[in-house]
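Here is a short tour for someone meeting this structure for the first time. Have a look at it, then read on.

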Amino acid sequence: MLFKTISIIGLGYIGLPTAAMFASKNRNVIGVDVDMNAVDTINAGKIHIVEPKLDILVKKAVEDGFLKAVAIPEPADAFVIAVPTPFLSENKTVSIPKPDLQYIESVSKSIAKVLKKGDLIVLESTSPVGTTEKMADWLSKERPDLTFPNTHGEESDIRIAYCPERVLPGQVVNELVSNDRIIGGMTNKCSIEAINLYKIFVEGECIVTNSKTAEMTKLTENASRDVAIAFANELSIISDALDINVWELISLANRHPRVNILQPGPGVGGHCIAVDPWFIASSTPKESPLIQTARQVNDSKPDWVIKKIMEKISNLLKLNPNKEISELTVACFGLAFKADIDDLRESPAMYIVKKLIELKGPKIIAVEPNIEKVSDDIELVSTSFALSSADIFILLVDHSEFKNIDLTGKIILDTRGAWLTKTQNHA
Ligand code: SAJ
């Protein structure tokens, strides 16, 4: 199959760069999204998300006539699905949140209408194990005139594979090309077609497995990172109790040839690592105590940081008994979920700042160089304003702009290890 026309469903952080990549190889790409703002922006040759180098790729693809965006699926030779898999809305009250597959189900129903014999469908969305098989069931119910791999194996009219995305936000354009790809075809022919599709632009290796193992591989990658970060976060709490500098501790332990501890922080954010481990836990709750505990350790870290900030405030008030708490100002540096991006999804820094504001204690100001406006309740200020007006300084995100700020003699809480020297415990 030559894949003259390729449709990408979902034009977000993964779908849009993938669409632009296929278009850069002179394939006709039809991007589909329900968000009309995204559709109109892309058709104007612009982008609605922040990702380095993507603007140039999309502009060229649209100008050259290889990329267009639409709201309703049109016929194509291959369909790549990159829509979100959030939690079910009732999940805030249950201990193990369950994934919500409604977007994948509704996309399956809408592309079913335009399918023809020989088409390939690839699911890229992070999904619980078994979702690809469910998708094949949804599709075959919609189109009884076509055959699918779940019922007709190698002889099916339609090929289906699960091929997870694994790119790092901020480096998506490079990683899409260079990363290895996991190809989880429902049959061998499905895998061969999926490899043919990705080889249009992927320079990394395409490694074949079945769809369930491919689904689990993606979840395993992010759960493994979550567990590793939880270990670092727990070490930071232990070190604080024992009056040990955790950054020095980790750098010393990492001198061992087989030890590689990650960095503690104020918690784990983003829409991947803070979410995906629950997809394993929700399907195997009894078998996944370590993964669940890691989630809980990382999710509880922002509240621990708030407790530490409150300790700093009460120590300062003890030294200045004539001052009221409302006369103090706390400056929080960084709101994004990690360094040098503008993404606020599941950001522990945002959680901490919002909670501090709710406490109605000291005045809270925030510095966030990558975002112009957040919400009415958060007062964004410049670094120099924060330095001249705050009493306590909290580093929540280690953006490049913050690394060389001179805070000599100030009261600080450094959750990222960028301000404290390797041997300094307190400030
Ligand atoms: N973090 C720490 N300490 C560390 C590393 C990270 O506290 O040592 C925090 C970050 O500050 C952030 C969170 O973890 O809040 C997640 O950041 P990240 O850089 O680890 O990962 P993401 O969410 O940007 O991207 C991850 C990547 N997965 C892995 O590295 C296994 C990426 O390759 C995936 O494609 C992406 O999830 C995804 O889409 O699933």
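## The cavity

On a 1 Å grid over the protein atoms alone, a cavity is a set of points where a 1.4 Å probe fits but cannot get out, and a lining residue has an atom within 4 Å of a point. Grid points are joined across faces, edges and corners, and the volume is the space filled by probe spheres set on the points. The structure holds 1 cavity of 30 Å³ or more, and the largest has a volume of about 30 Å³. Among the residues lining that cavity are Pro164, Arg166, Glu175 and Asn179.

A word on ground rules: this is a predicted model, where local features need pLDDT of at least 70 and side-chain atom pairs count only at pLDDT 80 or more, while totals for chains, interfaces and linings use all residues. Residues are numbered from 1 along each chain as its sequence is written, and side-chain values use heavy atoms, with hydrogens and water left out.

## Glutamate 175

Glutamate 175, one of the cavity's lining residues, lies in helix α7 (residues 172-178); helices are DSSP runs of H or I with at least four residues, strands are runs of E with at least two, and both are numbered from the N terminus. What is the nearest side chain of opposite charge to glutamate 175? That's arginine 166, 8.5 Å away, and glutamate 175 is buried yet has no salt bridge. Buried means under 20% relative accessible area, exposed over 50%, and partly exposed in between (1.4 Å probe, protein chains only). Lys and Arg count as positive and Asp and Glu as negative, with His and the chain ends not counted.

The side chain of glutamate 175 does reach the backbone nitrogen of leucine 168, at 3.0 Å.

## Salt bridges

Side chains of opposite charge can pair when their charged atoms come close. A salt bridge here is a side-chain nitrogen of Lys or Arg within 4 Å of a carboxyl oxygen of Asp or Glu, and the structure holds 19 of them. Take arginine 295 and aspartate 299, whose closest N and O atoms are 3.0 Å apart. They sit 4 residues apart in helix α12 (residues 289-319), so about one helical turn separates them. Arginine 295 is buried at 0% relative accessibility, whereas aspartate 299 is partly exposed at 41%.

Aspartate 377 and lysine 354 also meet in a salt bridge (3.6 Å, N to O). This pair links distant parts of the chain, 23 residues apart: aspartate 377 is in the loop between β10 (363-367) and β11 (379-380), and lysine 354 is in helix α13 (residues 348-358).

Definitions and conventions
A polar contact is a pair of N or O atoms within 3.5 Å; within protein, one must be able to donate a hydrogen and the other to accept it, and residues adjacent in sequence count only if both atoms are side-chain atoms. On a 1 Å grid over the protein atoms alone, a cavity is a set of points where a 1.4 Å probe fits but cannot get out, and a pocket is an open set with protein on both sides within 12 Å along at least five of seven lines; lining residues have an atom within 4 Å of a point.
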